[in-house]
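Could you walk me through this structure, stop by stop, while I have it open in my viewer? I would like to know what to select next and what is there.

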Amino acid sequence: MKKDKKEAERWRRKALAQEIAAAERGDAEAQRRLSNRYASGEGVEKDMKEAVRWWRKLAEQGDAGACIDLGECYAEGEGVEKSAQEARRWLLKVLERGRESGVIDENGCVWFRGEHQVSLTDYAPWNDAAAVRDEEECARWFRALRKLAKNKSAPFARYELGCCYAAGRGVKQNWKEAVRWWRNGETAIRGAHGAGIRRVAQKALRKWAPGRE
């Protein structure tokens, strides 16, 4: 029995070494497996720094899922120094690729952190008190949303774009444009808020332009 365990360990180490060698050569699948292994501790000692290292290599190859994982690590300070700016940088790459990223659907891009659902746009600079005044960064997120909103199968982006126009996020405040995009994204509005355009617009006015109701 002891001999069998030693033999199994020898083969495990050999397989891991081969996987690392493949990942070092740029094999995306090997990099994905390694990052997940180190993040979960599956077959190796859990090591978030190693997980981040492989996610970074994978993200640099354009893998959207790895960009999200890396962004989350920066947002939470797991395996890397916490940095909201770096988190946004990696997550913006996903938004800029839109539906081509493979992780954005008609509901946007959402995932779970524990029991809580998180959305890609939760990380937008206008949701960060330290970044909301960075007009250039807000404009980049706005442009990415506007590009995505032109896709008919992305109603959530149309709703978010309407909010950008209503609040002046990355663009000059324009209520007419806000309502236009909200109308185009009405399915997302009803799904998220259980209300029509009129109620959403009234709520937006109270929040972003009090006195104009």
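Which residue forms a salt bridge with arginine 88? Select glutamate 137: glutamate 137 and arginine 88 form a salt bridge, and their closest N and O atoms are 2.6 Å apart. Glutamate 137 sits in helix 6 (residues 135–149) and arginine 88 in helix 5, so a pair 49 residues apart links distant parts of the chain. Colour by accessibility and you will see that glutamate 137 counts as buried, at 13% relative accessibility, and that arginine 88 is buried too, at 7%. Please keep in mind throughout that this is a predicted model.

**Second stop: helices 1 and 2**

Now select arginine 37 and glutamate 19. Their side chains meet in a salt bridge, at 2.8 Å from N to O. Arginine 37 belongs to helix 2 (residues 28–40) and glutamate 19 to helix 1 (residues 2–24), so this pair ties together parts that are 18 residues apart in sequence. Is each partner buried or exposed? Arginine 37 is partly exposed, with a relative accessible area of 26%, whereas glutamate 19 is buried, at 9%.

Add Arg33 to your selection, and you have a network of salt bridges that links Glu19, Arg33 and Arg37.

Stay on helix 2 and pick arginine 32 and glutamate 29. Here the side chains meet in a salt bridge with an N to O distance of 2.6 Å. The two residues are 3 apart in helix 2, which means that about one helical turn separates them. Both count as partly exposed: arginine 32 has 25% relative accessibility, and glutamate 29 has 44%. Across the model, the salt bridges number 11.

Before leaving, click on glutamine 18 in helix 1. Glutamine 18 counts as exposed, at 51% relative accessibility. If you draw a distance from its C-alpha atom to that of alanine 30, 12 residues away along the chain, you should read 9.3 Å.

**Third stop: helix 4**

Select residues 64–76, which make up helix 4. How far apart are its end C-alpha atoms? They are 18 Å apart, and this agrees with the 18 Å that 13 residues should span at 1.5 Å a residue.

Next, look at the surroundings of this helix. Of its 13 residues, 10 are buried, so helix 4 is largely enclosed by the rest of the structure. Among the buried ones are Cys67, Ile68, Leu70, Glu72 and Tyr74. Show helix 3 (48–60), helix 5 (84–97) and strand 1 (110–113) as well, as these are what the buried residues of helix 4 pack against.

Then check the two ends. At the N-terminal end, aspartate 63 acts as a cap, with a side-chain oxygen 3.1 Å from the backbone nitrogen of glycine 65. At the other end, glycine 77 follows the helix and has a positive phi, near 70°.

**Fourth stop: the hairpin**

From helix 4, move to strand 1 and strand 2 (residues 116–119). These strands pair in the antiparallel sense over 4 bridges. Select arginine 113 and you will find histidine 116 of strand 2 opposite. The hairpin has 2 residues between its strands, and glycine 114 takes a positive phi near 70° there.

**Fifth stop: the cysteines**

How many disulfides does the structure hold? The count is 0. To see why for one cysteine, select cysteine 138: the closest cysteine sulfur, in cysteine 164, is 8.5 Å from its own, too far for a bond. Cysteine 138 is buried, with a relative accessible area of 5%. Cysteine 164 is in no disulfide either, and the nearest cysteine sulfur to its own belongs to cysteine 163, 7.2 Å away. At 0% relative accessibility, cysteine 164 also counts as buried.

**Last stop: arginine 158**

Finish in helix 7 (residues 155–167), where you will find arginine 158. This arginine counts as buried, at 12% relative accessibility. What is it in contact with, leaving aside neighbours within four places in sequence? Display Ala149, Lys150, Asn151 and Lys152, then Trp181, Trp182, Asn184 and Gly185: arginine 158 is in contact with each of these.

Note on methods
Residues numbered from 1 in each chain as written. Predicted model: local features only at pLDDT ≥ 70, side-chain atom pairs only at ≥ 80, totals over all residues. Heavy atoms only, no water. Expected span 1.5 Å × (residues − 1). Buried < 20%, exposed > 50% of the residue type's maximum accessible area, 1.4 Å probe, protein only. Contact = heavy atoms within 4.5 Å. Polar contact = N/O pair within 3.5 Å; in protein donor to acceptor, adjacent residues only side chain to side chain. Salt bridge = Lys/Arg side-chain N within 4 Å of Asp/Glu carboxyl O. Disulfide = S-S within 2.5 Å. Pairing = 2+ DSSP bridges.
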